[in-house]
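Trainee: Could you take me through one part of this model closely, and then place that part among the features around it?

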Amino acid sequence: MYTEECSIIGCLAGGFSLDEQAVAALIALPPLALSHGAAFTGKPTTSIHANEQWVLKLDTSRGFQNQQVAASWCRKRIQQEQDYAIYHPLRTWLTVQTDDHRWLAANVTPRLLALHMVDWVQEDEPMALISQVIEMYCHFSATFERRLDEGLSNFGVQDGKVWYLDDDIFLWDEHASFIAMICGWLRAHYKDWMSVENAFVLGQALRSVLLDCRTSLDVEIICMGINDQFVGSLASAAQQALIQGLRCASEQQKGEQQQCEQQQCEQQQCEQQ
C-alpha cells in the first residue's frame, strides 16, 4: 500500500528523532489489529505499525495531492503541537507516499504504555498517573478552550511521565465529557485505584488544578455533574468522597475570596482617608 518514498518533516523537540531508514522499516511491518480495550485502539481509517521502540500512525482518510502540500500540513501540525505541550517531545511528523500516488501525513512516537493497559493493582503510585491526566486535561482546556479525548487509552506513560497519544482534539463542551470521564473511572475502578481514600485525594487534586486554571464556579459545576451521575451502589461511597474532596476546595476558595475582598475594601478605605 505504501511506497518507500517517505520524508521526515520534523520532531517536536527539534532535529530528528529517527531516520528515514527506521521509518521505512516501521512501514514495512504489518499493521496492528485495532480494537476497543486492546493495546492499540483507533478508527477504521487508522493504520498503526509498531516495534518495541516506536509506533507509527497513519490516517489513510487524509490524503494530499503532492508531497509539498503534505509537508506544509505537517509543519503546521508540528508548530501547533509544540504550543500544546502535551505530546512526547520525540514525536515526529513525516510524509508517506501510497501506491496510488497520494501522500499521507504520519507521525512516529516512542512506544509508551497506554494507561488503560496499566496493571493498577500492581502500580505503586496510581494517583500520580491519574493526577497528571487531570492536570493536563484541565490546563489544556483552560488555555485553548478545547478538550482532549478522555479515554485512558489516549494517554501513555514513560518513566513516570504521562503524555497524550491521540491525534484528535475536540471542541470544548463545558465539562460534560470530563464529568462523564470521572464517573466512568468511578464505575470501572472502584475495586482498584478508585478507593474511597483515593477518590477523596483525586477530588482534592482536581480542585487544586481547577482553582489554578479556572474558577470556583467550575468546581461547583463539576461537583453537581458528578453528583447527578449514576455510578452504582458499589461505587457510590467513592463518588461522595470525590465530591467531598472537591467541596473542600469550594469552601477554601470562598474563604480566600472573602479575605481578598476584605483586604481590597480596607485598602480603598485607607486611600479615601
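**A close look at Glu123**

Mentor: Glu123 is found in the loop that runs between β6 (113-114) and α3, and since this is a predicted model, everything that follows is computed from predicted coordinates. With a relative accessibility of 28%, Glu123 falls above the 20% under which a residue is called buried and not over the 50% that marks an exposed one, and it therefore counts as partly exposed. If its neighbours within four places in sequence are set aside, Glu123 is in contact with Val118 and Leu129. There is also a relation to a remote part of the sequence, for the C-alpha atom of Glu123 is separated by 8.9 Å from that of Trp193, although the two residues are 70 apart along the chain.

The loop that holds Glu123 leads to α3, and that helix, residues 126-144, has a partner in α4, residues 176-189, with axes that come within 12 Å and cross at roughly 170°. Angles over 145 degrees count as roughly antiparallel, and α3 and α4 are therefore roughly antiparallel to each other. On the side of α3 the contact is made by Ile130, Val133, Ile134, Tyr137 and Cys138, while α4 contributes Ser177, Phe178, Ile182 and Trp185. Sorted by class, this contact of α3 with α4 has 8 nonpolar residues and 1 polar residue, with no charged ones.

Elsewhere in the model, aromatic rings deserve attention, and the structure holds 10 aromatic pairs. One of them joins Tyr87 and Tyr164 in a tilted arrangement, with 5.6 Å from centre to centre and 55° between the planes. This pair links distant parts of the chain, as Tyr87 belongs to the loop between α2 (67-84) and β4 (92-98), whereas Tyr164 belongs to strand β9 (residues 161-164), 77 residues apart. Tyr87 and Tyr164 are both buried, and the ring of Tyr87 also has the charged end of Arg91 sitting over it, 4.0 Å from the ring centre. A further charge is placed over a ring where Lys161 lies over the face of Trp163, at 5.1 Å from the ring centre. Phe64, Trp73 and Trp93, in turn, form one aromatic cluster.

As for the chain as a whole, it has 7 helices and 10 strands, and buried residues account for 45% of its 273 residues. Of the contacts between residues at least 6 apart in sequence, 67% join residues that are at least 24 apart.

Notes: Residues numbered from 1 in each chain as written. Predicted model: local features only at pLDDT ≥ 70, side-chain atom pairs only at ≥ 80, totals over all residues. Heavy atoms only, no water. Axes fitted to C-alpha atoms, helices over the stretch in contact; angles between N-to-C directions. Helix = DSSP H or I, 4+ residues; strand = E, 2+ residues; numbered from the N terminus. Parallel < 35°, antiparallel > 145°, perpendicular 65-115°, else oblique. Contact = heavy atoms within 4.5 Å. Nonpolar A, V, L, I, M, F, W, Y, C, P; charged D, E, K, R; others polar. Phe/Tyr/Trp six-rings, centres within 6.5 Å; stacked < 30°, edge-to-face > 60°. Buried < 20%, exposed > 50% of the residue type's maximum accessible area, 1.4 Å probe, protein only. Lys NZ or Arg CZ within 6 Å of the ring centre and 35° of its normal.
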